[in-house]
Amino acid sequence: MGTKYFIGVDLHKVVIQVCVLDGAGELVEEKRYRYSCLAEGLEIVEDLKRWRMGGRYAVEALGLNRWFVNACLEEGLDVVVANPVKLNLRMLGKKTDRRDAYEIARRHWMGDIERNAKTYYPSDKQYGYRKLLRVRHKLVSIRQQLVNQIRAFLSSYAMAAPKGNLYGRPATAKLRACSFSTPEMDLSFQKLVDTLEATQASIEALSAKIKDCAQKDKDIALVAGELPSVGPQTAMTLVHELGDLRRFPNSKAVACHVGLVPRVANSADKSHHGRLTRRGNREVRWILGQWAVRLLTREPLVQEWARPWLRRMHKNKVRVALAHKLL
């Protein structure tokens, strides 16, 4: 049975705008729902089941859509998740919920979402792995900010910071012994140290969980075992952030997905290639940069490859070129 209805869903925290088009592209129904909790949201999904026979649903890939997509999949609805960047709904000039839902449905009817804007939807297990990696990455950034704050605090009073990293136990003990001229400053400094210590404990717990997951997952273990200078975190990022590689037609599409391709401005006979787009999966882009640094430091074969490049360009550009080649 062919598709009879194309349903565009514009999802928000408290509002869901729905537009239904028939097989000829004619408007069948527009409806606006309000919900304040998951139970009310599931009731909306129950109502949308009216169009399940021959209906295809399209929704943007947003941080708040997992409950909706999961509920639709559990009900057996045919759902397509679209990349909002490629949909580019703001380009129309006038942006409203009603117009967005109609445009999503129209683009779905035309087949444009399936051809150009369809995005990968990870399973809950894969999404959990991604969250594990991303939260650890974020905490590492927070830890560095805390370290910078502590060093600035000590520097303002010409006090030497402990050697090495400040989040190890010996360094933390030395920081605890620091004293300043007022109780307010002592309290502020010790709270920074408390937060640094708690953040480090969280990072260690997440690192242990990542290592445990990497040992149990055969794909991660294979990547970590076969590739040089690749540990559990790098392997898990490559496997679960990239997801199913069969959805990419070639290696260029993978590089584009990660944002390791240059901006291109092409008109008539003129073509200009600029900086990297940096549009795509930032976690993969970041981990590739880290991997490239390790290879340039440790691997003789990579150092031999990089030597002629380093004579004529900055090391950071060579690192990005290596990251692109690794991908």
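**Exercise 1. Locate N88 and describe its exposure and its distance to A117.**

Solution. N88 is found in the loop between helix 3 (84-87) and helix 4 (97-110); helices (H or I, at least four residues) and strands (E, at least two) are DSSP runs, numbered from the N terminus. The model is predicted: local features need pLDDT of at least 70, side-chain atom pairs count only at pLDDT 80 or more, and totals for chains, interfaces and linings use all residues. Residues are numbered from 1 along each chain as its sequence is written, and side-chain values use heavy atoms, with hydrogens and water left out. Next, the relative accessible area of N88 is 36%, so this residue is partly exposed (buried means under 20% relative accessible area, exposed over 50%, partly exposed in between, with a 1.4 Å probe and protein chains only). Finally, N88 and A117 are 9.7 Å apart in space, C-alpha to C-alpha, and 29 residues apart in sequence.

**Exercise 2. Determine where A158 lies and whether A158 is buried or exposed.**

Solution. A158 belongs to the loop between helix 6 and helix 7 (169-176). Its phi is positive, about 55°, although A158 is not a glycine. Most residues other than glycine have a negative phi. A158 counts as exposed because its relative accessibility is 74%.

**Exercise 3. Carry out the corresponding analysis for S229.**

Solution. S229 is placed in the loop between helix 9 and helix 10. Its phi, near 60°, is a positive value in a residue other than glycine. With 18% relative accessibility, S229 therefore counts as buried.

**Exercise 4. Describe how strand 2 and strand 3 are joined.**

Solution. Strand 2 (residues 15-22) and strand 3 (residues 27-34) run antiparallel and are joined by seven bridges; two strands pair if DSSP finds at least two bridges between them. C19 has E30 in strand 3 as its bridge partner. The two strands form a hairpin with four residues between them, and G25 in the turn has a positive phi of about 85°.

**Exercise 5. Identify the residues with the most contacts inside the largest nonpolar core, and the helix that gives the most to this core.**

Solution. The largest nonpolar core has 31 residues, and M236 and L288 have the most contacts inside it. Such a core is a set of buried Ala, Val, Leu, Ile, Met, Phe, Trp, Tyr and Cys residues joined through side-chain atoms within 4.5 Å. Helix 12 gives the most to this core, with six residues. M236 touches, among others, Y129, L133, I210 and I220, not counting residues up to four places away in sequence (contact means heavy atoms within 4.5 Å). A second, separate core of 21 residues includes I7, V18, Y35 and L77.
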